[in-house]
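Trainee: I'd like to learn how the words used for a structure follow from its values. Could we go through one together?
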Protein chains: 2
Amino acid sequence: MLSFTEENYLKSLFQLTVESNEKVEAGTNEIAAHLGVKPASANDMLKKLKDKKLIHYEKYGKSTLTKEGRKYALEIVRKHRLWETFLYEKLEFSWDEVHEVAEQLEHIQSKKLIDKLDKFLNYPEVDPHGDAIPNAKGELEISQRKSLLEEEIGHACKMVGVKDNSAAFLQYVDSIGLSINQIIRIKAREEFDDLLEIEVNGKKNRVSPKFAENIIITCSECNRLRKN
Amino acid sequence: MLSFTEENYLKSLFQLTVESNEKVEAGTNEIAAHLGVKPASANDMLKKLKDKKLIHYEKYGKSTLTKEGRKYALEIVRKHRLWETFLYEKLEFSWDEVHEVAEQLEHIQSKKLIDKLDKFLNYPEVDPHGDAIPNAKGELEISQRKSLLEEEIGHACKMVGVKDNSAAFLQYVDSIGLSINQIIRIKAREEFDDLLEIEVNGKKNRVSPKFAENIIITCSECNRLRKN
DNA sequence: TATAATTGTTAGGCTAATCTAACAAATTTA
DNA sequence: TAAATTTGTTAGATTAGCCTAACAATTATA
């Protein structure tokens with residue numbers, strides 16, 4: 001049985017590696033920053049998780065999850081996303097409110113609870129942010145995802161999630177008229193200041209690279225090209 | 001903000017005093033036993049809770065909740081019982097399975113969550129064990145309750161709850177055909193061995209005093225007499 | 001009422017998770 | 001490549017909550 005804290009470290013490492021498009025391993029400082037603790041604290045825990053064979057860690061090296069660690073991480077992610085779905089669909093929480101409460105609910109220990117919840121929600125495949133929910137076997141469908149910033153000019157893509165889960169950012173996203181499953185077409189990239197010109201629901205808007213980087217999309221055009 | 005552990009001590013004290021028919025204050029050893037810790041540990045925490053003005057405690061004396069402490073305890077009890085109701089009514093948990101999971105869920109911190117849950121469940125008044133659920137204002141309807149053992153011979157009463165929440169006892173209760181809101185008529189008390197002869201749903205049974213003591217009932221006949 | 005039994009308290013330790021401060025290794029940059 | 005910067009580690013302290021062992025106060029009983 002893992003502690004609340006150990007679970008949070010595994011989840012962080014999962015998000016920084018498995019669910020990141022850029023990297024497959026994470027440094028001590030990075031993990032510490034992600035969890036809001038000091039590097040010294042993270043260092044202690046990394047050594048502990050290594051002893052428990054949940055992560056690969058070597059002195060002065062980067063860390064990754066072991067198979068066993070990934071299994072636990074997937075369980076936590078599954079719980080987190082099912083609870084978010086419950087809050088959003090059944091309790092009328094808004095999109096930007098679910099995360100904080102799910103952070104607490106994800107640590108409840110009861111296999112029966114989570115499987116019954118899954119059934120109650122009718123086995124959803126994605127949470128309110130568009131992130132895939134691992135199934136009861138721990139399988140996670142990883143579709144071809146990337147940030148809006150990486151999308152080709154002229155392509156149309158579908159928003160499936162966000163990277164930054166802060167309430168502030170989510171409200172900003174809402175204010176631009178963006179939401180999950182919304183189709184976004186990239187019209188152009190402004191040479192002068194790198195702003196992206198996008199069209200959502202027939203309405204044009206300009207967004208910053210920083211903003212675009214935090215919007216996760218899938219592009220079936222790109223996927224089609226990739227398959228050839 | 002109270003810690004998980006502080007909340008558990010307040011809840012224990014609430015159950016041992018406010019919700020107990022026998023006593024209005026609890027001793028250190030009693031609280032420790034109720035929580036499954038050693039008296040020395042309970043002693044530490046009682047001093048801490050006194051400093052926080054959540055309980056009345058004096059060296060070598062008994063403890064009770066302050067007004068403030070009772071307020072917190074009622075919030076926790078409210079959460080516990082709403083979650084039990086959710087598990088029972090929405091997730092198909094059985095009567096004897098809800099308690100353990102609710103012990104964890106009751107510590108989730110989110111006023112919005114619990115009020116939305118209350119609404120989702122359509123503002124239930126009692127949980128699956130028949131215990132009253134405090135409303136959002138922290139008001140708890142205390143109806144005249146007592147154990148089956150204290151009931152008058154010849155009276156008919158309604159089962160509204162149990163004292164022992166262990167799965168073993170709850171299954172025993174089930175096996176006798178008893179459940180919440182079931183009407184129980186006391187036919188006689190056996191002089192020889194003090195067994196109670198009861199009738200439930202037209203079926204007769206004999207139960208021990210220990211069993212009867214753990215069944216909570218209300219008796220409208222007694223209440224009527226009391227009012228005169 | 002003196003003694004025994006019970007109940008409650010204190011002192012001192014342990015563990016998990018955090019911190020600060022000092023230091024060491026690795027990487028980047030001049 | 002030498003120096004500067006970044007990144008990671010260690011030692012030692014702190015806090016919450018628990019423990020054991022010894023002791024003190026209270027209550028029950030002979």
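Trainee: Which residues are buried in helix α6 of chain A?

Mentor: In this predicted model, L113(A), I114(A), L117(A) and D118(A) of α6(A), residues 111-120, are buried. Buried means under 20% relative accessible area, with exposed over 50% and partly exposed in between (1.4 Å probe, protein chains only). Helices are DSSP runs (H or I, at least four residues), numbered from the N terminus.

Trainee: What puts them on the same side of α6(A)?

Mentor: They cover an arc of only 135 degrees around the axis, so they share one side of α6(A); the arc is that of the directions from the helix axis to the C-beta atoms. An α-helix has 3.6 residues a turn, so residues three or four places apart point the same way.

Trainee: What do these buried residues pack against?

Mentor: They pack against α4 (67-89) of chain A, and also against α4 (67-89) and α5 (98-105) of chain B.

Trainee: Why is C157(A) called buried?

Mentor: Its relative accessibility is 2%, and the limit is under 20%. C157(A) therefore counts as buried.

Trainee: How many disulfides does a search of the whole structure find?

Mentor: It finds 0 over all chains, a disulfide being a pair of cysteine sulfur atoms within 2.5 Å.

Trainee: What makes the relation between chains A and B that of a two-fold axis?

Mentor: A rotation of 180 degrees with 0.0 Å of shift along its axis superposes chain A on chain B, RMSD 0.1 Å. That is the relation of a two-fold axis. Copies are superposed by least squares on the C-alpha atoms of residues with pLDDT of at least 70 in both.

Mentor: Residues are numbered from 1 along each chain as its sequence is written, and chains are lettered from A in the order in which they are written. Local features need pLDDT of at least 70, side-chain atom pairs count only at pLDDT 80 or more, totals for chains, interfaces and linings use all residues, and side-chain values use heavy atoms, leaving out hydrogens and water.

Key. Helix = DSSP H or I, 4+ residues; strand = E, 2+ residues; numbered from the N terminus. Contact = heavy atoms within 4.5 Å.
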